[in-house]
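Welcome to a short guided tour. Keep your viewer open and your selection tool ready, and we will go from stop to stop.

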Amino acid sequence: MEISDIIGDSFKYPLSDFKKFLILGIPYLIIGLFTLLFAFESINMASLANATEEMILASPIFSTFMITFLLFLIVSFICLIVMNGIGISVIKETIKPSNLLPNIELKTNILDGIKSIIISLIYIGVPTIIFFILFGIVGVALGENSGILILLLMLLYFIAIIIIGILLTIAICRLAETNSISEALNISNIIEIGKKIGFIKIFATLLICNVLLGILSVVGIFISMIPLIGTIIVMYLLYSYTILVTYRAYGLLYQEKNGETFTQNTFQQPYTPIENNQDQKVNNTENIDFQNIDTQNNNQTNESSETLTKKCSNCGYSNPSYAKICVNCGNEL
């Protein structure tokens, strides 16, 4: 697929089933509601601005604020894990291939989300720790004369983060495909897959995606200014949309590792008819009832080809009998 096709497909994907889109956004809706609750409690805390420390600690307002704050952190963390897991499900659906939005499966989403976060922390955390150690060493060793070297290290860190971001994208897709953390951390294999897809193509696609989503985020800033419901709308709809678009783009890019695109029948196996010759004997074919068969009698006998099809109830497309999803429209057969 061309980059423009990937971008176009990704941005249309969340809205292909608006009802399911609203369901998939529930974790972000919950975060939005708890954010609003936490904001109310923060306003109540402002009433204790002139109170002494002893009065604040003894106040029920402070106790309620702390409980709300802890609940906000716990619930937000769990919901973010679920949304990451939903993103993994989007990739799984895409590389089947399928146009369908996934269902929420809490156990699977939580496990996939945890694995995804672990992989992200390893890919981003380890290089970041190394670079901060280098910053510290350079700062201590050179003191005031370390400015240029630190700027150079920061530039290298910025480049490294871009490269790591590309590799992380492939690693997340590898996790979705294999359900294995070790496979997602197999750097040599990740690099090989990246070469097949094209590192420049991955970078360009992600860059364009992020720029367009950034423009939507600017719109979201203005929407969030609407009293009470603005923040909930942004978190529920805009954040959910962003997650689905991003992971759909990941999946479409990953499809190209074998030179395959979604428009191809990647799971449809070509049919090879059985042919008779002098060295091969085919028995017991006389009494078989073949369906949709064309027989040619050009000085050959018992030669046949068989095509079993399963028509899609949605678009009428003829699919192979073993297909579970319509090749043409993605509808379940």
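A residue counts as buried when its relative accessible area is under 20%, as exposed when over 50%, and as partly exposed in between. With that in hand, select E192: its relative accessible area is 40%, so E192 is partly exposed. Please keep in mind that this model is predicted.

**Stop 1: a pair within α9.** Now add K195, which is exposed at a relative accessible area of 53%. The side chains of K195 and E192 form a salt bridge, 3.6 Å from N to O. These two residues sit three apart in helix α9, about one helical turn. An α-helix has 3.6 residues a turn, so residues three or four places apart point the same way.

**Stop 2: more charged pairs.** The structure holds eight salt bridges. Select D9 and R248 for one of them, where the closest N and O atoms are 2.7 Å apart. D9 belongs to helix α1 and R248 to helix α11, so this pair ties together parts that are 239 residues apart in sequence. Is R248 buried or exposed? R248 is buried, at 0% relative accessibility, while D9 is partly exposed at 22%.

Next, pick E183 and R174, another salt bridge, with 2.9 Å between the closest N and O atoms. E183 is partly exposed with a relative accessible area of 25%, and R174 counts as buried at 15%. Extend the selection to E177 and K257: together with R174 and E183, they are linked in a network of salt bridges.

**Stop 3: inside α11.** Stay with helix α11 and select S240. S240 has a relative accessible area of 1%, so it is buried. Show its surroundings and, leaving out residues up to four places away in sequence, you will find contacts with F21, G25, Y28, M83 and M235.

**Stop 4: helix α10.** Select residues 199-223. The 25 residues of α10 should span 36 Å at 1.5 Å a residue, and the end C-alpha atoms are indeed 36 Å apart. Colour K201, I202, T205, L206, C209, L213 and G220, which are buried in α10. Which helices do the buried residues of α10 pack against? They pack against α1, α7, α9 and α11.

**Stop 5: aromatic rings.** A search of the whole structure finds eleven aromatic pairs. One of them joins F38 and F69, tilted, with 5.6 Å centre to centre and 40 degrees between the planes. F38 lies in helix α3 and F69 in helix α5, so the pair ties together parts that are 31 residues apart in sequence. F69 is partly exposed, at 29%. Finally, add F65 and F72 to see the cluster that ring pairs make with F38 and F69.

How values were computed:
Residues are numbered from 1 along each chain as its sequence is written. This is a predicted model: local features need pLDDT of at least 70, side-chain atom pairs count only at pLDDT 80 or more; totals for chains, interfaces and linings use all residues. Side-chain values use heavy atoms; hydrogens and water are left out. Helices (H or I, at least four residues) and strands (E, at least two) are DSSP runs, numbered from the N terminus. The expected span of a helix is 1.5 Å times one less than its number of residues. Buried means under 20% relative accessible area, exposed over 50%, partly exposed in between (1.4 Å probe, protein chains only). Contact means heavy atoms within 4.5 Å. Rings of Phe, Tyr and Trp (its six-membered ring) pair if their centres lie within 6.5 Å; planes under 30 degrees apart count as stacked, over 60 as edge-to-face and the rest as tilted. A salt bridge is a side-chain nitrogen of Lys or Arg within 4 Å of a carboxyl oxygen of Asp or Glu.
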